[in-house]
Amino acid sequence: MTRRLLIRATGAARPGQLAGLGQAMARSGARLLDINQSVTFGMVSLEALVGLDRESDLESALSAAGDTLGLEIQAIQVSAEDYQRWSVQASEPRLILTLLAPHLPAGILAEVGALTAEHGLTVELIHRLSGREPLDGGVPRDHHTQGACVECWLRGEEVDLDALREKALALGAMHGVDIAIQEDSIWRRHRRLVCFDMDSTLIKAEVIDELARRHGVYDEVAEITERAMRGELDFQQSFRERMAKLKGLDETVLAEIADTLPMMDGVERLMYHLKRLGYRTVILSGGFTYFARHLQEKLGFDEVHANELLIENGKVTGEVREPILDANRKAALLREIAEREGLTLEQTIAVGDGANDLKMLATAGLGIAFRAKPLVRSQARQSISTLGIDAVLYLMGYRQVDLEDERR
């Protein structure tokens, strides 16, 4: 009859410990059923589940190995019932919960632990994706955008994801922390296409508002823009109303604004890594091609789709070329580009901030509302509000240490 033991070894990490433990188990005829090891702050923790088909004094062999290797070792008998329960748990769906903030308060762990327990979820693994803070307490380069990030792997029976996300959103708002919850799958680490809104996502401005300011109609246009972003107005109707107010604007103003567009925090770092890692990047904007192409040239986007301003005799006519790029068109373009590139929708990411982006976010495999209005955050599956746009890399599962800028 097979005997199963859970071997737990802890102590100060040093080379040769795994080899020593492995030799002790091998001499006792143990079969390795599962294993996990981690080193945190120089302390090693190893757990191995082994099966023994013949009588052996594995416990004594491990105790002797532990004395030699500087490890404290426990050997725990595992019943057939416990083994079966663990096997069932391993086949349950996995969720990825990500915590993001400039700094993570320790209390958030207790809150997240209570939330996951409430939904019958077990925390399998917690690891840090962000880099370490410096010993002197200073702020490392780009710390304002990279911030702190911890990823938790959760297991449990099928849960109501909508309800879990709603509670996580409220909890995060209380603590100033973004809490993202994704379903784990083979596609999570194999996304290939990233589509971005432009205004208030890639840049810290709504270009149409800047045009209106130069034309002396800012208050009128801004009020319409704000209502459209909150989802209170039909985009196409509001867009035409705003465009009509720009009639007669001098074409030279476009170049002046394009040269002074404020980039979103972290956008250059994000684009550098996406290009280096081989992602296809696209701007899908309800703004204007003139400015989207300016960003394409500056940051290296593979393609842009936006609205084209009509200009006659050096003046804005107050109209755009049809069709207007609205919410439906954004979602359709994401689908078309994915199909053209031979990708599944699960391999796509969309990032945007307004109600006009919601259909695109819902279509993508990973849809992220970035610094969005409350209505948009509540309807999107994921959201980032506390960090720069390069925090998208964390939701893609990348660790900061793996993305260290090779140009440093």
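Where is the place of Pro323: in which loop, between which elements? Start there, then work through the rest of this predicted model.

**Exercise 1. Locate Pro323 and describe the bond before it.**

Step 1. Find the flanking elements. Pro323 sits in the loop between strand S13 (315–320) and helix H13 (327–340).

Step 2. Look at the peptide bond. Glu322 and Pro323 are joined by a cis peptide bond, with omega at about 0 degrees.

**Exercise 2. Set out the overall frame of the protein.**

Step 1. Count the elements. There are 16 helices and 16 strands.

Step 2. Take the extent. Along the principal axes, the C-alpha atoms fill a box of roughly 95 × 45 × 40 Å.

Step 3. Split the chain. The division gives domain 1 (3–87), domain 2 (93–183) and domain 3 (193–207 + 262–402). Between the C-alpha centres of domain 1 and domain 3 lie 49 Å.

Step 4. Check burial and contacts. Of the 408 residues, 47% count as buried. Among contacts with a separation of 6 or more, 71% come from residues 24 or more positions apart.

**Exercise 3. Describe the largest pocket and decide where it lies relative to the domains.**

Step 1. Take its volume. The largest pocket holds about 840 Å³ of space.

Step 2. List the lining. It has 24 residues, and Asp34, Asn36, Trp86, Ala90 and Glu124 lie nearest the centre.

Step 3. Assign the lining to elements. Two or more residues each come from strand S1 (3–12), strand S2 (30–40), strand S3 (43–52), helix H3 (80–90), strand S6 (122–128) and strand S7 (148–155). H3 gives the largest share, five residues.

Step 4. Sort by class. Eleven lining residues are nonpolar, six are polar and seven are charged.

Step 5. Draw the conclusion. Domain 1 and domain 2 both contribute to the lining, so the largest pocket lies between them.

**Exercise 4. Do the same for the second largest pocket: which element gives the most to its lining?**

Step 1. Take the volume. About 560 Å³ of space lies in the second largest pocket.

Step 2. List the lining. There are 18 residues, with Val39, Thr40, Ile126, His127 and Arg128 closest to the centre.

Step 3. Assign elements. S2 and S6 are the elements that give two or more residues. S2 gives the most, with five.

Step 4. Sort by class. The lining divides into six nonpolar, eight polar and four charged residues.

**Exercise 5. Find the nonpolar cores and place the largest one.**

Step 1. Size the largest core. It has 61 residues. Those with the most contacts inside it are Phe196, Leu211, Leu274, Phe288, Phe291 and Ile389.

Step 2. Place it. Domain 2 and domain 3 both give residues to this core, so it lies between them.

Step 3. Follow one member. Beyond its neighbours within four places in sequence, Leu211 touches Leu246, Leu249, Val253, Leu254, Ile257, Phe288 and Phe291.

Step 4. Look for another core. A second, separate core has 19 residues, including Cys195, Val282, Leu325 and Leu361.

**Exercise 6. Is helix H11 largely enclosed or not, and which of its residues are buried?**

Step 1. Count. H11 (residues 267–276) has ten residues, and seven of them are buried.

Step 2. Name them. The buried residues are Val267, Arg269, Leu270, Met271, Tyr272, His273 and Leu274.

Step 3. Conclude. With seven of ten buried, H11 is largely enclosed by the rest of the structure.

Step 4. Look just past the helix. Gly278 takes a positive phi of about 85 degrees.

**Exercise 7. Which loops hold Phe41 and Ser200, and what phi does each take?**

Step 1. Place Phe41. It lies in the loop between S2 and S3. Its phi is positive, about 50 degrees, although Phe41 is not a glycine.

Step 2. Test exposure. The cut-off for exposed is over 50% relative accessible area. Phe41 has 73%, so it is exposed.

Step 3. Place Ser200. It is found in the loop between strand S9 (193–196) and helix H7 (207–215). Ser200 is not a glycine either, yet its phi is positive at about 65 degrees.

**Exercise 8. Is Ser383 buried or exposed, and what does it contact?**

Step 1. Place it. Ser383 is in strand S16 (residues 382–384).

Step 2. Apply the cut-off. Buried means under 20% relative accessible area. Ser383 has 8%, so it counts as buried.

Step 3. List its contacts. Leaving aside neighbours within four places in sequence, Ser383 is in contact with Leu169, Asp178, Ile368, Ala369 and Arg377.

Note on methods: Residues are numbered from 1 along each chain as its sequence is written. This is a predicted model: local features need pLDDT of at least 70, side-chain atom pairs count only at pLDDT 80 or more; totals for chains, interfaces and linings use all residues. Side-chain values use heavy atoms; hydrogens and water are left out. On a 1 Å grid over the protein atoms alone, a cavity is a set of points where a 1.4 Å probe fits but cannot get out, and a pocket is an open set with protein on both sides within 12 Å along at least five of seven lines; lining residues have an atom within 4 Å of a point. Grid points are joined across faces, edges and corners, and a volume is the space filled by probe spheres set on the points. Helices (H or I, at least four residues) and strands (E, at least two) are DSSP runs, numbered from the N terminus. Ala, Val, Leu, Ile, Met, Phe, Trp, Tyr, Cys and Pro count as nonpolar, Asp, Glu, Lys and Arg as charged, and the others, Gly among them, as polar. Domain bounds come from an automatic or database domain assignment. A nonpolar core is a set of buried Ala, Val, Leu, Ile, Met, Phe, Trp, Tyr and Cys residues joined through side-chain atoms within 4.5 Å. Buried means under 20% relative accessible area, exposed over 50%, partly exposed in between (1.4 Å probe, protein chains only). Contact means heavy atoms within 4.5 Å.
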